[in-house]
Structure formats: structure tokens, C-alpha cells
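Colleague: I am new to this one and would like to understand the words you use for it. Could you take me through them?

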Amino acid sequence: MHLYLDYNATTPVDREVLEAMLPYFTENFGNASSIHSCGQRGRSAVDAARDSVAAMIGAKPAEIVFTSGGTEADNLALFGSVAASNQSRKHIITTAIEHHAVLNAAQAIEKQGIEVTYVSVGSDGVVDPQDVRRALRPETFLISVMHANNELGTIQPIEEIGRIAAEADVYFHCDAVQSAGKLPLDVKRLGVNFLSISAHKMYGPKGVGALYLRAGTSLEPQFHGGHHERDRRPGTENVSGIVGFGKAAELARLHRQGDALGIEILRDRLEETLMRSLPSVRVNGDRSRRVANTTNLAFAGAGGEALVIALDLQGISCSTGAACSSGAVEPSHVLLAIGLSPDEARSSLRFSLGRTTTPQEIDRAIAIIPPTVERLRALSPRAVSAVHAR
């Protein structure tokens with residue numbers, strides 16, 4: 001049986017989520033915008049799911065815009081706010097460790113003549129809110145900072161940044177794709193205008209996400225077509241996916257705290273045992289301020305991609321970083337941003353646990369990973385010097 005330790009890349013669809021979705025592929029297949037009874041059954045299901053997603057983050061249902069996922073939600077927030085902004089305000093602030101959905105969107109926005117400041121982070125992988133404050137200009141109109149980093153799991157000081165944004169009368173976007181279902185979310189307490197979430201990171205289906213849009217916040221739609229989602233995102237609703245998202249949000253509200261406690265115990269046992277069993281292993285990022293399921297470990301002298309392949313051949317799935325960067329030649333931008341050298345970044349692995357991870361699976365990982373690392377170190381010409389340098 002394959003051991004899956006890459007829940008930050010995606011999660012399995014919960015059985016209850018799948019069961020909720022199935023009728024909307026078959027007997028309840030109607031278009032939710034149709035006025036006949038078949039369509040209205042779909043509309044009712046979409047409305048119920050919107051209520052559930054809104055309840056998970058403390059929003060009003062009318063503030064939820066369903067999208068195709070977190071990447072679209074991020075892009076809609078950034079490009080939509082740029083299009084709606086006063087053209088005299090041409091400056092955005094984000095961080096050096098954002099997901100590529102934000103970073104690449106910001107780089108594309110720069111080509112439109114908008115300046116972007118990429119605030120650095122410390123070696124702990126956490127942004128200093130005062131650095132955000134210092135980056136503010138009179139022409140700043142948007143700040144975008146993720147809640148939990150997808151590679152390190154580090155939790156950013158969103159509430160404090162939200163207060164800074166409010167004081168400066170600047171819109172605030174937060175990518176909460178990796179925190180939804182893992183951390184308590186309350187959009188009012190966080191002080192955000194926009195918040196992006198995705199179903200497939202919280203035991204829902206792929207291909208559906210949402211953007212929270214605070215009432216009164218200006219946003220220009222980026223697609224053009226029908227009047228779906230209150231004229232904010234046109235296109236026939238993905239009824240089955242939205243229903244699954246709603247069920248996943250409901251389950252997250254019920255099980256989040258219990259899940260986190262059990263997962264954290266297993267994560268810490270994996271992390272601490274590997275550090276005791278192997279020389280020259282360290283945790284990347286802050287160990288205390290992170291989501292419960294994530295550890296990012298540097299194995300000096302062992303190539304990360306080779307290690308991922310070697311572990312996969314032995315039945316363990318993990319990653320070197322974000323799934324969207326798989327196959328990239330460059331080392332992780334997140335690990336470079338916290339001060340790791342390219343070699344150190346390339347020797348790092350992310351293990352992310354989930355709701356279905358068992359103690360027996362962690363025991364298996366603990367038995368397999370150390371000898372695999374030692375074997376790869378022995379094959380590497382730079383391994384001995386890298387290990388002794390620690």
C-alpha cells in the first residue's frame with residue numbers, strides 16, 4: 001500500500017463528499033441557471049454549498065464567488081482589483097514566498113505599468129508586518145500575503161497586516177488555500193477584502209474554489225459571458241464540484257480541531273525521529289508557528305529530487321516543494337528566500353500529513369527514510385563534505 005505524505009499538493013476526496021456529489025452527475029444534472037425544476041434543484045444545491053463555504057470563513061453567502069480553484073481566485077483578486085483601481089494608484093505589495101499563482105500574476109501586472117514590492121521574510125519563513133508597513137506608498141492600492149505557506153507551513157501574521165492595510169485604506173488579499181480546513185478562518189478578524197480558498201486541499205474535488213469578496217469591495221470581472229455569480233464570474237456553474245466543496249467545508253468545521261491535534265502528534269514524531277536517526281538534518285522555517293500537518297526538512301548531501309524518486313519506488317509519496325513547480329530546474333524560491341543556498345534548497349523535502357495518515361504509516365516512513373537518505377549520500381560526491389560541514 002502506497003504511503004501518501006503529500007497532502008499539501010492535494011487531498012483524497014472524502015467519502016461523504018463524494019456521496020454528496022454523485023447525484024449531481026446523474027439524476028440532478030440540471031443547469032443551475034435554468035428556471036425549470038431540474039435546474040432549480042441545482043440552484044438550491046449551489047446556494048446550500050455557498051452557505052456552507054461562507055460559514056467556514058465567517059462570511060456572508062453573497063460574498064462568496066465560486067471559481068475553478070485557488071489559482072483563479074488569486075488571479076481574480078489581483079487582476080480584478082487592478083482593473084477596478086484608481087489609475088493614479090499603481091503599486092502592489094506582496095511577499096517573496098507567495099505561491100506562484102500570486103507571484104506570476106504580480107509579475108504579469110508589472111508589465112501593465114504597476115509597480116510591485118516583494119517584501120522579504122526572515123530565516124523563519126515569516127514576514128514582518130512592519131516591513132509591509134514600510135513598503136506602503138501613497139499610490140499603494142493592494143497588499144497580498146498568504147496565510148500559511150505551502151512549502152514550509154509557516155503561518156503569516158495576517159491580522160496585524162490586515163490592520164495595517166485598513167489604516168492605510170488599502171485593499172488586502174490573502175491566499176488561504178493551505179490554511180482552509182487546517183486553521184480557524186474568520187474574514188472579519190483577519191481584516192481581508194479578498195480571501196482565496198480551494199476545495200481539493202481540504203478533501204473536496206479538484207477544479208473548484210472560491211474567492212471571498214468583502215461587500216463594498218470593487219472588483220472587475222476577468223471573464224465575460226453570462227450573469228453568473230452576481231456578474232463577478234460568468235460560466236455555467238460546476239454544480240457537482242460546488243456541492244462537494246460545500247460538504248468539504250461542512251466537514252472541516254466539524255473535524256478541524258480534532259484532525260489538527262492528531263496530525264501534529266504524528267508530524268512531530270516523524271520529524272524528531274528523522275532528526276535523531278540521521279546526522280545533518282534540520283527543519284526549514286519556524287517550528288512553532290506553522291500548520292500542524294507540514295514539515296520541510298533539509299537532508300544535507302542528498303539530492304531532493306533523487307530522494308523523492310527513491311522514496312516513491314519504496315512506496316512513499318512526498319515532494320521537494322509546490323506541486324505546480326514539479327520539474328522546475330531552479331531550486332525553491334521559498335527556500336532561497338529564507339536564506340538557504342541553492343544546494344541546501346535542492347536537498348530539502350516537504351512531508352505533509354492528512355486526515356487519513358496513521359501511526360503505522362509514520363512508523364513505516366521512519367523505517368524507510370533514513371537508510372534511503374544514507375544510500376543517496378553515499379552516492380553523492382559532495383555528501384561527505386556537506387554532512388561534516390553541519
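Modeller: Gladly! One definition to begin with: Ala, Val, Leu, Ile, Met, Phe, Trp, Tyr, Cys and Pro count as nonpolar, Asp, Glu, Lys and Arg as charged, and the others, Gly among them, as polar. Please keep in mind that this is a predicted model.

Colleague: How do you know which classes line the largest cavity?

Modeller: By sorting its lining residues with that rule: nine are nonpolar, four polar and five charged. The lining has 18 residues, and those closest to the cavity's centre are Gly181, Lys182, Tyr203, Asp259 and Ile263. Among these, Gly counts as polar, Lys and Asp as charged, and Tyr and Ile as nonpolar.

Colleague: How many cavities of 30 Å³ or more are there in the whole structure?

Modeller: The search finds one. The space in the largest cavity is about 190 Å³.

Colleague: On to the helices. Why are H3 and H4 called roughly parallel?

Modeller: Helix H3 (residues 70–84) and helix H4 (residues 100–110) have axes that cross at roughly 30° and come within 9 Å. Angles under 35 degrees count as roughly parallel, so H3 and H4 earn that name. Their crossing is right-handed.

Colleague: What makes the contact of H3 with H4, by class?

Modeller: On the H3 side are Thr71, Asp74, Asn75, Leu78, Phe79 and Val82, which meet Ala101, Val102, Ala105, Ala106, Ala108 and Ile109 of H4. These residues divide into nine nonpolar, two polar and one charged. Asp74 is the charged one, since Asp is in the charged class.

Colleague: What makes H9 roughly parallel to H13?

Modeller: Helix H9 (residues 239–277) packs on helix H13 (residues 359–379) at an angle of about 20°, and the axes are 10 Å apart. The limit is again under 35 degrees, so H9 is roughly parallel to H13. From H9, the contact includes Leu266, Arg269 and Leu270, and from H13 it includes Pro359, Ile362 and Asp363. By class, the contact has nine nonpolar, two polar and two charged residues.

Colleague: And why is H10 called oblique to H13?

Modeller: The axes of helix H10 (residues 304–313) and H13 come within 10 Å and cross at roughly 135°. Roughly antiparallel needs an angle over 145, and roughly perpendicular covers 65 to 115, with the rest oblique. The angle fits neither of those, so H10 is oblique to H13. H10 passes H13 in a right-handed crossing.

Colleague: Which residues of H10 and H13 meet there?

Modeller: Ala306, Leu307, Ala310 and Leu311 of H10 meet Ile368, Ile369, Thr372, Val373 and Leu376 of H13. That contact has eight nonpolar residues, one polar and no charged.

Definitions and conventions: Residues are numbered from 1 along each chain as its sequence is written. This is a predicted model: local features need pLDDT of at least 70, side-chain atom pairs count only at pLDDT 80 or more; totals for chains, interfaces and linings use all residues. Side-chain values use heavy atoms; hydrogens and water are left out. Axes are lines fitted to C-alpha atoms, for helices over the stretch in contact, and angles run from 0 to 180 degrees between N-to-C directions. Helices (H or I, at least four residues) and strands (E, at least two) are DSSP runs, numbered from the N terminus. A crossing is left-handed if the near helix is turned anticlockwise from the far one by less than a right angle, and right-handed if clockwise. Contact means heavy atoms within 4.5 Å. On a 1 Å grid over the protein atoms alone, a cavity is a set of points where a 1.4 Å probe fits but cannot get out, and a pocket is an open set with protein on both sides within 12 Å along at least five of seven lines; lining residues have an atom within 4 Å of a point. Grid points are joined across faces, edges and corners, and a volume is the space filled by probe spheres set on the points.
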